[in-house]
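User: Could you take a close look at one part of this protein with me and then place it in the wider fold? I work at the bench, so please explain your terms as you go.

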Amino acid sequence: MKNVSIDSIVMDFAKSSLHEHIIHIKICELDSACDLKHIDIAMVQPEYHVYHLECYGPGIEELGEGEEDIPAATHWMLPSTEFEDMWENLIYDTPIKEQLLKFVRTTLLFSDKGMNKNIISWNKVILLHGPPGTGKTSLCRALSQKLSIRLDSRYKYAQLVEINSHSLFSKWFSESGKLVQKMFTKITELAGDPQSLVIVLIDEVESLTRARESSLNGADPSDAVRVVNAVLTQLDQVNKYPNVLIVTTSNISGTIDLAFVDRADIKQYIGLPSRAAIYQIYYSCINEMKRVSFLYFIF
């Protein structure tokens, strides 16, 4: 294996003892300004990440509300089989994936160097916004999977907690804010282990952070305002943990409270794909059908 292609997968270990222990080897990317598609292994310094996929599926985090338990979040141990190959098959017109990885590296470096947050503020919050169906949630999950592998030398294990925003709204008056506090209490318990990377995904974050000015015109304005206040307070609380990353998505970012938007270090718009990106998406789909011989079966 002297010359390899970027984004290729090596699976032929027939003449090596590796086939007993390794499923495949992925050639991910080149950490260089050069835009190379093929590289000579002898000319680079490879960085290896060996990982084992969790195959048990997610757990459900439940919160008590009176006599009922509500499913407040889905909890994955990473890396997971459910997110395998997701990162490589997300195609965008901008290098957003690489930018997100660099952002996380920078936040870790800030923490390691003891950067004063009163001088340089960073909250470890990412907001991806744009029209539905553009891969925002998938990108958050894929990023979580990627970080669990890339940071394996720093953290022994990683966890993804995907909050069910809608379930945190209680049918009981003034209870929604308390449910938000209970959810983040569980997150801080997970973050208490410094050897664990905790990634919190809040999908459709506008459900929990609707602008307080517009909430005052609703049927129950005080409860909606309490929820926003609780979310903002809890974000400030978990910010002190260097091993917690908050990733959020929104389809209608214009309705989000400005105080939450201000806390987001990255506010990235994810738009509809261009023609070139659409071509790459269809190309990858056709290759997958060819791989399983499905394309030949149709024709």
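Where does E204 lie, in terms of the elements on either side of it?

Analyst: Happy to. E204 lies in the loop between β9 and α4. Helices here are DSSP runs of H or I with at least four residues, strands are runs of E with at least two, and both are numbered from the N terminus. Keep in mind that this is a predicted model, in which local features need pLDDT of at least 70 and side-chain atom pairs count only at pLDDT 80 or more, while totals for chains, interfaces and linings use all residues. Residues are numbered from 1 along each chain as its sequence is written, and side-chain values use heavy atoms, with hydrogens and water left out.

Let's stay with that loop for a moment. E204 has a positive phi of about 50 degrees, although it is not a glycine. With a relative accessible area of 29%, E204 is partly exposed; buried means under 20%, exposed means over 50%, and partly exposed is what falls in between, using a 1.4 Å probe and protein chains only. T209 is also found in the loop between β9 and α4 (212-215), but T209 has a relative accessible area of 1% and is therefore buried. Leaving out residues up to four places away in sequence, T209 touches V228, V231, T255, I256, D257 and F260, where contact means heavy atoms within 4.5 Å.

The element before this loop, β9 (196-202), is one of those that give two or more residues to the largest nonpolar core. Such a core is a set of buried Ala, Val, Leu, Ile, Met, Phe, Trp, Tyr and Cys residues joined through side-chain atoms within 4.5 Å. This one has 34 residues, and L168 and M183 touch the most other members. The other elements giving two or more residues are β6 (68-78), β7 (125-129), β8 (157-163), α3 (176-191), α5 (221-238), β10 (244-250) and α6 (258-263). The largest share, 7 residues, comes from α5. L168 touches L63, A72, I163, S176, L179, V180, M183 and L208, not counting residues up to four places away in sequence. Apart from this core lies another, of 31 residues, among them W76, L108, C140 and L143.

Following β6 leads to another loop, the one between β6 and α1, where P79 is found. The peptide bond from L78 to P79 is cis, with omega near -5 degrees. T81 has its place in that loop too, and its relative accessible area of 38% makes T81 partly exposed. T81 touches L53, E54 and C55, again leaving out residues up to four places away, and its C-alpha is 8.1 Å from that of G57, 24 residues apart along the chain. D85 is in the loop between β6 and α1 as well. Like E204, D85 is a residue other than glycine with a positive phi, here near 70 degrees. D85 counts as partly exposed at 31% relative accessibility, and D85 touches I9 and K26, with residues up to four places away not counted. D85 and Q145 are 60 residues apart in sequence and 9.6 Å apart in space, C-alpha to C-alpha.

Beyond that loop comes a helix pair. Two packed helices are described by the angle between their axes and the distance between the axes. The axes of α1 (residues 96-112) and α2 (residues 136-150) come within 11 Å and cross at roughly 50 degrees. An axis is a line fitted to C-alpha atoms, for helices over the stretch in contact, and angles run from 0 to 180 degrees between N-to-C directions. Angles under 35 degrees count as roughly parallel, over 145 as roughly antiparallel, 65 to 115 as roughly perpendicular and the rest as oblique, so α1 and α2 are oblique to each other. In this pair, I96, K97, L100, L101, V104 and R105 in α1 meet L139, L143, K146, L147 and R150 in α2.

Finally, the overall picture: the protein has 8 helices and 11 strands, and 40% of its 299 residues are buried. Among contacts between residues at least 6 apart in sequence, 75% join residues at least 24 apart.
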